[in-house]
Amino acid sequence: MNEFLLVIHRDLTSQDARPSQEQIQASVKPFQNWINGLAAKNILVKPPQRWDVGGRVIRKDNVVTTGPYAEVNKSIGGILMIRAIDYEEAIDIAKGCPLIQWGAVVEVRMAMPTM
């Protein structure tokens, strides 16, 4: 089994960027059920963590700017780690994230073995 990082992104320019209170409430239970299902299958390595919208970017010559990206139209909403055999399986798991229907994008990255 390999470990994969799932990064849940929000596009701050989309109409879904700032969900209503009702949308937030509607998304909580399906997301919790999805996470609990991953844990029950013993493929959840690290539970989700939420991240602030800000962040900082450090560039050449130690120039620091506010925002998690070069463009400030995206944000990391959360990250979690899972176990999967390969990218195909990790992608299938990521497709189950219910936040996608509210405009989130899930990035999948495989951990590289350390030497």
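Here a visitor and a guide talk through some contacts and residues in this predicted model.

Visitor: What makes the contact between E107 and R109 a salt bridge?

Guide: Their side chains meet at 2.4 Å, N to O. The cut-off is within 4 Å for a side-chain nitrogen of Lys or Arg and a carboxyl oxygen of Asp or Glu, so the contact qualifies. A search of the whole structure finds one salt bridge.

Visitor: Why is E107 called partly exposed?

Guide: Its relative accessibility is 24%. Buried means under 20% and exposed means over 50%, so E107 falls in between. R109, at 49%, also counts as partly exposed.

Visitor: And why does N42 count as exposed?

Guide: N42 has 55% relative accessibility, and the cut-off is over 50%, so the word fits. You will find N42 in the loop between α1 and β2. Its phi is near 60 degrees, a positive value in a residue other than glycine. Most residues other than glycine have a negative phi.

Visitor: How many aromatic pairs does a search of the whole structure find?

Guide: Two. One of them is F4 with Y87, at 5.2 Å centre to centre and 70 degrees between the planes.

Visitor: Why is the pair of F4 and Y87 called edge-to-face?

Guide: The centres must lie within 6.5 Å and the planes be over 60 degrees apart, so 5.2 Å and 70 degrees meet both conditions. F4 lies in strand β1 and Y87 in helix α2, so the pair ties together parts 83 residues apart in sequence.

Visitor: How do you know that F4 is buried?

Guide: Its relative accessible area is 0%, and buried means under 20%, so F4 is buried.

Definitions and conventions:
Residues numbered from 1 in each chain as written. Predicted model: local features only at pLDDT ≥ 70, side-chain atom pairs only at ≥ 80, totals over all residues. Heavy atoms only, no water. Helix = DSSP H or I, 4+ residues; strand = E, 2+ residues; numbered from the N terminus. Buried < 20%, exposed > 50% of the residue type's maximum accessible area, 1.4 Å probe, protein only. Phe/Tyr/Trp six-rings, centres within 6.5 Å; stacked < 30°, edge-to-face > 60°.
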